[in-house]
Structures are given as C-alpha cells and as structure tokens.
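Work through the exercises below with the model open. Try each task before reading its solution.

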Amino acid sequence: MEVSVKSMESGAGIRKNQTLICAPIMGDTVAQMVELMHKAKLKGADLVEVRLDHMKSFNPDVDIEKLIKECPLPTLFTYRPIWEGGEYNGDENRRFHALRLAMELGADHIDIELKVAHEFNNFMNGYKSEKCKVIISSHNYESTPSAEDLGNLVARIQASGADIVKFATTAQDITDVARVFQITVHSQFVDRQIPIIALVMGERGILSRLVCPKFGGYLTFGTLERGKVSAPGQPTIEELISLYNIRSIDTETKVFGLIGKPVSHSKSPNLYNPAFKAVGFNGVFVHLLVDDVRKFFDTYSHPDFSGFSCTIPHKEAALACCDEVDPVAKTIGAVNCIIRRPTDGKLLGYNTDYIGAISSIETGLRGFENGASGSPLAGKLFVVIGAGGAGKALAFGAKEKGARVVIANRNYDRARELADYVGAQALSLAELNNFHPESGMILANTTSVGMQPKVDETPISKEALRYYELVFDAVYTPKITRLLREAQEMGSKIVTGVEMFIGQAYEQYERFTGLPAPKQLFREIMADY
C-alpha cells in the first residue's frame with residue numbers, strides 16, 4: 001500500500017520503520033471532520049481514522065464521498081458499535097452499507113469487528129476492493145488474555161478474511177504488554193507475514209503504543225490533542241514524533257524507562273529522549289507504571305530492555321532484584337538507576353540521588369562563594385522528611401558531609417529504623433512542626449507530598465519554616481511546591497527538585513549510553529519546567 005513514507009522524511013530525519021501514525025478523527029459534522037483531517041496532516045500523521053460513529057447527523061450516501069475527497073491523507077473508516085466500545089447504536093445493515101460505500105468510493109482501509117465479520121462478509125456477497133484493506137478487529141476492555149489465547153485470536157481474525165489483523169487488550173499489569181509484543185513478532189515473521197495492529201489500552205499499556213515499531217506493528221494511534229482519545233492511553237501525535245522519536249525506532253533500538261507508581265508526572269522522557277536524539281543514540285525512554293518490580297524484571301529480561309531509572313515506591317525493592325549493587329547504593333539501601341549488563345544480562349544497581357540532591361543543596365547554601373573549602377553542610381542540623389529510598393540517600397549524603405541528621409516520617413518506626421542505620425535522631429512527622437532546637441537548619445522533603453495533582457499539600461506548617469536557612473523539595477512537578485513557596489515567604493533559601501533531577505540524571509545518562517552527559521542541554525530542557 002502506498003501510505004506515503006515521503007511525508008515522514010521532512011523535519012523528522014530518515015524514517016527507520018514502516019509503522020504508521022494514525023490520528024483518530026472524531027467530529028460532529030463533515031466540516032468538523034475535514035478540519036481535523038487537515039490538522040492531523042499538519043501535525044505529521046500518516047493516515048486518519050474517520051470515526052463515523054461520532055458524527056451527530058450522518059448521511060452515508062452524501063457524506064462519505066465528501067470525507068474521502070476532502071481528506072489530505074489516506075483514510076481508515078471505522079463505524080464502531082456501542083457493544084465494541086463505540087457510539088453507534090443502530091441497525092447493522094445500515095452500518096455495513098456505510099462501510100461498503102467507503103470501500104467503493106476509495107477508502108484505504110475499513111475496520112470491521114471480528115464478532116460480526118461473518119455477517120459482514122455475507123453482506124458484501126463476494127465484493128472485494130483492490131485498493132481498500134479490510135482490518136478485522138477485536139477489543140478487550142477488561143484484560144489481556146494468555147499468549148496461547150492471543151495466538152488463537154489472531155488465527156481466528158486471519159481466518160475471517162482480514163487483510164490486516166487488529167486486536168486491542170487492556171493492561172492489568174505492565175507485563176501484559178510483553179505477550180502482545182511476542183504475538184506481534186510471531187504473527188509477522190513466523191506465520192504468514194500478515195500486517196498486525198496489536199495495542200494494549202490503559203496507562204500500563206502505553207509501552208505497546210510507543211515502541212511498537214521495534215516489533216513491527218502496522219500502526220499506532222496518535223491523538224490531535226492530549227486527552228481527546230478514542231481509546232484509553234493514546235499519546236498525542238506530537239509526543240510520538242517529537243518526544244519519543246518514533247520515526248527512528250527500529251529492531252535495534254534500546255528501551256530505557258522510569259519504573260515507578262505513579263510515573264506519568266515525570267519529565268524523564270523529556271530529558272533523555274532529546275539527548276539521545278542529539279547524539280544519534282539509538283534508544284527511547286518511556287514511562288513504566290510498574291506494580292511488581294521483580295515480575296517486571298523477570299518478564300522484560302531481553303538485553304534490549306537496557307536500563308531503568310527508579311522512583312517512588314520501588315527504590316528499595318529494586319535493589320533486591322539487582323545481581324550486583326554499587327557499594328554506595330548498598331550502604332544507602334536503595335537504587336535509582338539499574339543497568340542490564342549486555343554481556344550476561346545481569347542487573348547492576350546504582351544510586352545517583354544523593355549526588356544530585358546534596359550537591360544542589362550545597363550550591364544553594366554557598367551561593368556564589370565557590371571558593372569556600374569543605375562542605376557548607378558540616379555541622380548543620382539537617383532534617384530529612386521521609387524514610388524511603390530518596391530519604392535514605394539524602395540522610396546518607398548529609399551524614400557523609402558532616403551534618404547532624406534528623407529523620408521525620410509519618411511512620412515513626414521507619415524513621416527510627418533509618419535513624420539507627422545512619423546515626424541520626426528520629427521524629428514522627430506530627431512532631432516536626434514543634435521541632436526547632438536551633439535556627440539555621442536545613443530541611444529536605446523526600447516524600448511525594450505536594451506533587452501534582454495534590455499541589456495544595458505540604459508536610460510542615462509555614463510557621464515552622466522560619467527556623468530553616470534552606471528548604472529543599474525533591475518534588476519537581478510543580479517546580480515551586482507549596483512547601484517551597486511558603487519557605488521563600490518565611491525568608492528561607494530554596495532549592496527545587498529540578499536541581500536534584502538534573503544532577504542525578506547526569507550519571508544515569510552516562511551509564512545508559514556510555515557517553516558524556518550533555519549538561520547544558522539538560523539545563524536548557526528543564527528551564528522550561
């Protein structure tokens with residue numbers, strides 16, 4: 001089929017895969033549909049999915065011809081019934097008639113559901129378009145079946161006369177996506193080389209949408225605007241092209257990602273992907289919403305899943321999954337960077353949190369006095385909020401610099417445990433508002449309190465902040481949290497989580513790529529946040 005590859009070479013570099021970006025078009029009228037089609041072309045889509053079921057008033061005999069004639073891109077016509085997740089709730093023959101008409105008038109693809117493929121074939125009575133490819137689809141909005149069941153599903157779709165197989169499942173766990181990748185590869189290279197669209201819906205399934213070119217997927221869906229999706233988890237066209245560099249993904253692309261729960265707030269893809277692209281490194285960095293860390297590593301064990309950042313709440317659990325752990329990370333008891341060694345597949349764990357955070361706090365205290373010898377943290381009372389992986393890193397780093405450390409945590413027993421480990425004092429979070437044995441203290445929040453969307457939360461009262469010379473918040477979405485804003489108002493110096501984020505990313509990038517970190521590029525990127 002001649003879905004143009006030429007359009008993909010302008011402004012996006014040389015295309016390294018055949019996977020198409022399809023924009024779902026959902027307008028009330030023909031005029032709205034056409035307007036959206038032109039927007040899709042401008043944004044870089046390769047074809048549009050014309051969702052006839054979203055039109056408020058629809059006359060197939062008039063409207064389909066207009067839609068095809070006025071569309072600047074190849075078309076895929078879908079008339080999804082309500083029983084398969086769509087909007088159409090009417091007579092099936094009327095729906096079949098519209099799809100046949102689209103075929104006759106020059107559509108490039110039509111989509112018909114597996115559940116009614118036999119009835120549709122009977123309706124077509126042997127008619128076959130030379131140009132139009134028939135996608136036969138199946139949608140599972142509950143789960144992702146076993147590999148065996150998925151294989152059987154693909155066989156049934158093929159047997160029903162599909163030119164292109166499509167199935168979409170729902171991820172209950174990110175490891176569900178691995179089965180879909182397995183079936184995608186098997187269907188093309190082992191069976192009959194049939195084109196396949198295999199996607200997993202929901203946030204845990206987004207990996208299937210972003211890296212499907214690596215496994216030979218026929219297309220992936222990209223929306224015109226964030227949130228205006230035709231199925232859960234769809235990224236925007238702009239994200240696919242500009243952020244994830246989907247045109248450059250091929251079978252050799254290395255996959256990196258941020259393991260956490262939640263992860264969608266993180267700017268890590270915005271940092272690493274432009275850096276990879278700038279030096280021509282064949283990698284992609286994605287969000288990985290992980291529930292069970294060990295299950296994730298056991299499932300994605302191929303060397304091409306090469307490296308991972310790790311965030312809340314998995315930094316301690318991830319350490320236990322590593323085959324080898326850097327001595328500093330072992331001392332801290334948490335990792336935030338994991339590399340899969342290409343020679344033997346073993347997982348190597350590191351901690352770069354303490355470097356990024358402590359150095360940024362020291363810079364905040366010194367200001368422009370770079371000539372000062374020793375650490376400005378030496379002798380300071382350093383209060384760490386949180387006893388998780390980041391809390392451990394900050395407590396360890398501050399202690400190494402000669403600070404007197406205090407651990408405050410909602411769960412006092414965890415605070416006590418960490419305090420005993422690093423040689424510190426323990427407090428419950430409830431005690432923190434009244435804890436001010438001296439002025440000029442340092443406060444470091446390592447919890448997610450105040451992170452989007454709960455931006456009105458803060459771990460300590462504004463009044464208590466008067467005793468702190470400097471306040472640091474590891475949260476960087478938003479950049480200025482309520483904690484930092486109130487600290488500024490009380491006269492404290494502040495250090496944002498962006499500084500820590502950039503600092504810890506330097507070493508991670510170098511471990512991911514084997515190349516020097518592009519420090520200036522990182523700072524330029526994060527200046528926008």
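**Exercise 1. Cysteines**

Task: Find how many disulfides the rule gives.

Solution. The count comes to zero disulfides in this predicted model. The cut-off is 2.5 Å between two cysteine sulfur atoms. Take Cys 310 to begin with. Its closest cysteine sulfur belongs to Cys 322, 8.5 Å away, so the pair is too far apart for a bond. Next, take Cys 321. Its closest cysteine sulfur is also in Cys 322, at 6.9 Å, and therefore too far for a bond.

Task: Decide whether Cys 310 and Cys 321 are buried or exposed.

Solution. Buried means under 20% relative accessible area. Cys 310 has 4% relative accessibility, so Cys 310 is buried. Cys 321 has 11%, so Cys 321 is buried as well.

**Exercise 2. Nonpolar cores**

Task: State how many residues the largest nonpolar core has, and which have the most contacts inside it.

Solution. The largest nonpolar core holds 92 residues. Leu 67, Phe 77 and Leu 207 have the most contacts inside it. Another core, of 27 residues, lies apart from the largest one; Ala 395, Ala 398, Leu 418 and Val 422 are among its members. In soluble globular proteins, nonpolar side chains tend to be buried together.

Task: List what Leu 67 is in contact with, leaving aside neighbours within four places in sequence.

Solution. Leu 67 touches Val 30, Met 33, Val 34 and Met 37, and also Val 50, Leu 52, Met 55 and Phe 77.

**Exercise 3. Helix crossings**

Task: Describe how helix 2 and helix 3 cross.

Solution. Start with the geometry. Helix 2 covers residues 60–70; its axis comes within 10 Å of that of helix 3, at a crossing angle of roughly 40°. The crossing is right-handed. Now the residues. Helix 2 brings Pro 60, Asp 61, Ile 64, Glu 65 and Ile 68, while helix 3 brings Arg 94, His 97, Ala 98, Leu 101, Ala 102 and Leu 105. Sort them by class: seven nonpolar, one polar and three charged.

Task: Do the same for helix 3 and helix 4.

Solution. Helix 3 is residues 92–105 and helix 4 is residues 117–124. Their axes come within 10 Å and cross at roughly 60°. This crossing is right-handed. From helix 3, Asn 93, Phe 96, His 97, Leu 99, Arg 100 and Met 103 meet Glu 119, Phe 120, Phe 123 and Met 124 of helix 4. The classes are six nonpolar, two polar and two charged.

**Exercise 4. A long-range pair**

Task: Locate Gln 18, and decide whether Gln 18 is buried or exposed.

Solution. Gln 18 sits in the segment before strand 1 (20–25). Its relative accessible area is 60%, so Gln 18 is exposed. In sequence, Gln 18 and Asp 250 are 232 residues apart; in space, their C-alpha atoms are 9.3 Å apart.

Key:
Residues are numbered from 1 along each chain as its sequence is written. This is a predicted model: local features need pLDDT of at least 70, side-chain atom pairs count only at pLDDT 80 or more; totals for chains, interfaces and linings use all residues. Side-chain values use heavy atoms; hydrogens and water are left out. A nonpolar core is a set of buried Ala, Val, Leu, Ile, Met, Phe, Trp, Tyr and Cys residues joined through side-chain atoms within 4.5 Å. Buried means under 20% relative accessible area, exposed over 50%, partly exposed in between (1.4 Å probe, protein chains only). Contact means heavy atoms within 4.5 Å. Axes are lines fitted to C-alpha atoms, for helices over the stretch in contact, and angles run from 0 to 180 degrees between N-to-C directions. Helices (H or I, at least four residues) and strands (E, at least two) are DSSP runs, numbered from the N terminus. A crossing is left-handed if the near helix is turned anticlockwise from the far one by less than a right angle, and right-handed if clockwise. Ala, Val, Leu, Ile, Met, Phe, Trp, Tyr, Cys and Pro count as nonpolar, Asp, Glu, Lys and Arg as charged, and the others, Gly among them, as polar.
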